[in-house]
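Me: Hi! I've just opened a structure that's new to me. Could you walk me through it?

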Amino acid sequence: MNQQDFGLRLTKLRISRNLTQSQISNKIGLSRQAYINYEKGRCMPSAEIIAKLSQVLGVDLMESLYDHSPLSFVDNKERLSTMNRDDYFSILELYSRLSPLNQKRIFTLMNLMVKGDDD
């Protein structure tokens with residue numbers, strides 16, 4: 001997801017929760033201007049800020065800000081519970097820095113790898 005798409009998605013989520021930009025920025029510990037930069041697509045937040053946004057907006061960490069979750073292919077959600085929290089955020093941070101094309105490639109590759117593990 002590019003910065004503009006991210007900003008649009010974030011704006012829609014905020015509006016759907018009847019929250020103001022000031023309310024969200026206060027809850028996640030940022031200035032209102034820093035938050036506005038995310039909504040305007042001027043920059044992408046860190047994995048830590050994405051986690052805070054997801055919590056404030058009451059949505060799943062990965063799926064809240066992407067059209068699909070790179071981990072949505074996991075049938076057994078218990079597999080995720082064995083993942084270290086820092087590793088999870090590192091993966092999210094790296095994934096968010098990829099171009100949309102490379103995000104799709106990674107998603108496809110992970111699906112193929114999981115299907116191979118199931119065989």
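Me: Is E48 buried or exposed?
Reply: E48 is exposed, with a relative accessible area of 52%. Exposed means over 50%, buried under 20%, and partly exposed in between (1.4 Å probe, protein chains only). Keep in mind that this is a predicted model, where local features need pLDDT of at least 70, side-chain atom pairs count only at pLDDT 80 or more, and totals for chains, interfaces and linings use all residues. Residues are numbered from 1 along each chain as its sequence is written, and side-chain values use heavy atoms, with hydrogens and water left out.

Me: And what does E48 meet in a salt bridge?
Reply: The partner of E48 is K52, at 3.7 Å from N to O. A salt bridge here is a side-chain nitrogen of Lys or Arg within 4 Å of a carboxyl oxygen of Asp or Glu. K52 counts as partly exposed, at 31% relative accessibility.

Me: Where do those two sit?
Reply: Both are in helix α4 (residues 47-57), four residues apart, so about one helical turn separates E48 and K52. Helices are DSSP runs (H or I, at least four residues), numbered from the N terminus.

Me: How many salt bridges are there in the whole structure?
Reply: The search finds two. Besides the E48 pair, E39 bridges to R14, with the closest N and O atoms 2.5 Å apart. E39 lies in helix α3 (residues 32-39) and R14 in helix α1 (residues 3-16), so this pair ties together parts 25 residues apart in sequence.

Me: Are E39 and R14 buried or exposed?
Reply: Both of them are buried.

Me: New topic: which residues make up the largest nonpolar core?
Reply: That core has 11 residues, including F6, L10, I24, Y35 and L53. A nonpolar core is a set of buried Ala, Val, Leu, Ile, Met, Phe, Trp, Tyr and Cys residues joined through side-chain atoms within 4.5 Å.

Me: Which helices supply it?
Reply: α1, α2 (21-28), α3 and α4 each give at least two residues to this core.

Me: Which residues of α2 are buried, then?
Reply: They are Q21, I24, S25 and I28. These cover an arc of only 95° around the axis (taken from the directions from the helix axis to the C-beta atoms), so they are on the same side of α2.

Me: What's exposed on the other side of α2?
Reply: N26 and K27 are exposed there.

Me: And what comes just after α2?
Reply: G29 does, and it takes a positive phi of about 75°.
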